[in-house]
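Student: I would like a close look at one part of this model, the strand pairing.

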Amino acid sequence: MDYEVEILIVEDNMSDAEMTIRALKKNNLTNKLLHLKDGVEALDFLFARGNYSGRKVENIPKVILLDLKMPKVDGLQVLQKLKSEERTKRIPVVILTSSNEDPDIQECYRLGVNSYVVKPVQFEQFVKSVSELGLYWMLLNQPPR
Amino acid sequence: MDAKPKILIVDDKPENLVALRIVLKDLDIELVEATSGNEALKATLHHNFALALLDIQMPEMDGYELAGILREEEKTMHLPIIFISAVYTDNLNVFKGYEKGAFSFITKPFQPEILINKVRFFIDRHQQELALFELNERLGQKVKEIADYKYALDESSIVAVTDKKGIIKEVNDNFCAISKYTRKELIGQDHRILNSKYHSKEFMKDLWTTISSGKIWKGEIKNIAKDNSVFWLDTTIVPFQDKNNRPYQYMTIRSDITSRKYAEEQLLAANKELEAFSYSVSHDLRAPLRAVNGYAEMLNEDYGIHLDDEGKRLIENINYYAKKMGTLIDDLLAFSRLGRKEIQMTEIDMNDMVEGVLRELNKSITHHAKIKVGKLHKVNADYGLLHQVLFNLISNAIKYSSKKEHPIIEISSNEKNGKIVFSIKDNGAGFNMEYADKLFGVFQRLHSQEEFEGTGVGLAIVQRIIAKHKGDISAEGSINKGATFDFSLT
């Protein structure tokens, strides 16, 4: 990657990804955005290995928007890996998922997630939520580095 | 058998009979007289005698002869005989051959006390024999009764008896059948051979502590049969205690609940499956729904200017139905989740709760209904579930009276037949009582979507919650005049 990725979106559902990116675009937050489709790609990217072995590993995103239910390696596994490695544990992770099941919420916080957002069913609300969260993490929140 | 003991007195001389009668007059007995051997024999046919007093010297048949005949008859074989004789003769030796039955001698003239004592002796013995006989009869009956009980027990249940260390002493056929061991294989074995390793050490320890202290233990135990198959028994263990109140043996009385346990396991598995299914539904259906809604909106946002009113209306419809589907999914999930929820009862201030519900409702819908809330009884219920009930009923009341100019909703509580009944009354669209039984069905509605929005799950949820509390709910309504919903919790 020759540009620094500020927002990493890990989402397997194409329509959700499209809507998320659209919402962020509305707020001019998409210049340095990368969308990956599953947990394997996400981990490869963040640890600069596999297809992304050429990447500078010190470049970490300002925020990761992470879906929970993904094939191969799911969100929980990605979260656990990220929060257990020195290199990546400071990166703010926002879970963005359809699930509002208590066990999922509890487990994510136990693993050290920074925020948990349930995807609104209504498009309008979805766009509003993503905009708000995008603005917050990109502009208001101080990133670790 | 409280009749007086009967005594046969035989003497050919009537005056002797009279004398005997006088001597024995104070005894509580009935005297039957005979003046000859034949008469005496006839008398024995009609009476059961306790004793016979026989004169020896009689014409035709003497006392010994008579005694001999009496001895030969089954009825009188053991009849005690007292011989009354003027002379102690040698013929006694002849009679000695007949050793059955007691006999005694008294010589004339006799002292009355001696006769009375002898008579008393034999009468008492006779009474004792009768009493013993009766006791035996009753004992026999009791024994039979107990045998019958045991038979009933053995037939109906699985029974075993162990000694105080748990070694098997006895088993019934049902025990052998279910454990697949023969009686021979079981007796002398430690009861533990049936143990599946299912139960914890604490469980078994608790069991032993209970029964060894003389208390009955009841519970369900998982066992293994000889062929390693598993069976569950509903078990009662009864300690039998000795004189010092210490158990000397244990009787286990059990019934086979394997199929029930199996059904329970199936039920649990089915519930888990249902939960997993609900979770899937919740997750997997929402994403495409969001997409439908999303793309319609995006279409509107990006190309709306190119659309005429009809085009815009079409897009609006897409959104509307997508939204509706979302609500439907949510309602269905709420309904299914209800079945699995455990109730947690607490005391609830109904006025507080109604206020809370009204506040919530006023935030999400604008209405012009006038809501009158009376003083409501406190009640015991699950907080969250009752909240849902009130929310659904009150929002229904508001919704269905929204078309009236002056919608009025009254919420009250009364005591009826010892139960507290809450009422929510509105003056809205009401419903046709003919279809009242459909009111609480899932997806059942008594109005069209055009008249009033809704998924038809709200009341089904209410009814389910009320049922969970073992309460009652009923509704009354009439078209355009309004409806009243009455409910009570246990």
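Which residue in strand 10 of chain B stands opposite B:Val159?

Tutor: B:Ile253 stands opposite B:Val159. This is a predicted model, in which local features need pLDDT of at least 70, side-chain atom pairs count only at pLDDT 80 or more, and totals for chains, interfaces and linings use all residues. Residues are numbered from 1 along each chain as its sequence is written, while chains are lettered from A and ligands numbered from 1 in the order in which they are written.

The pair belongs to strand 6 (residues 158-163) and strand 10 (residues 247-256) of chain B, which run antiparallel and are joined by six bridges. Strands here are DSSP runs of E with at least two residues, helices are runs of H or I with at least four, and both are numbered from the N terminus; two strands pair if DSSP finds at least two bridges between them. Strands 6 and 10 sit within an open, antiparallel sheet of five strands in chain B, ordered 7-6-10-9-8. Its edges are strand 7 (168-171) and strand 8 (217-224) of chain B; each has a single partner strand, so one side of each is left without a neighbour in the sheet. On average, neighbouring strands in this sheet are turned by 30° against each other, direction ignored. For such angles, axes are lines fitted to C-alpha atoms, for helices over the stretch in contact, and angles run from 0 to 180 degrees between N-to-C directions.

Chain A also holds an open sheet of five strands, in the order 2-1-3-4-5, with parallel pairing. There, strand 4 (residues 93-97) pairs with strand 5 of chain A over four bridges, and A:Thr97 stands opposite A:Val118 in strand 5 of chain A.
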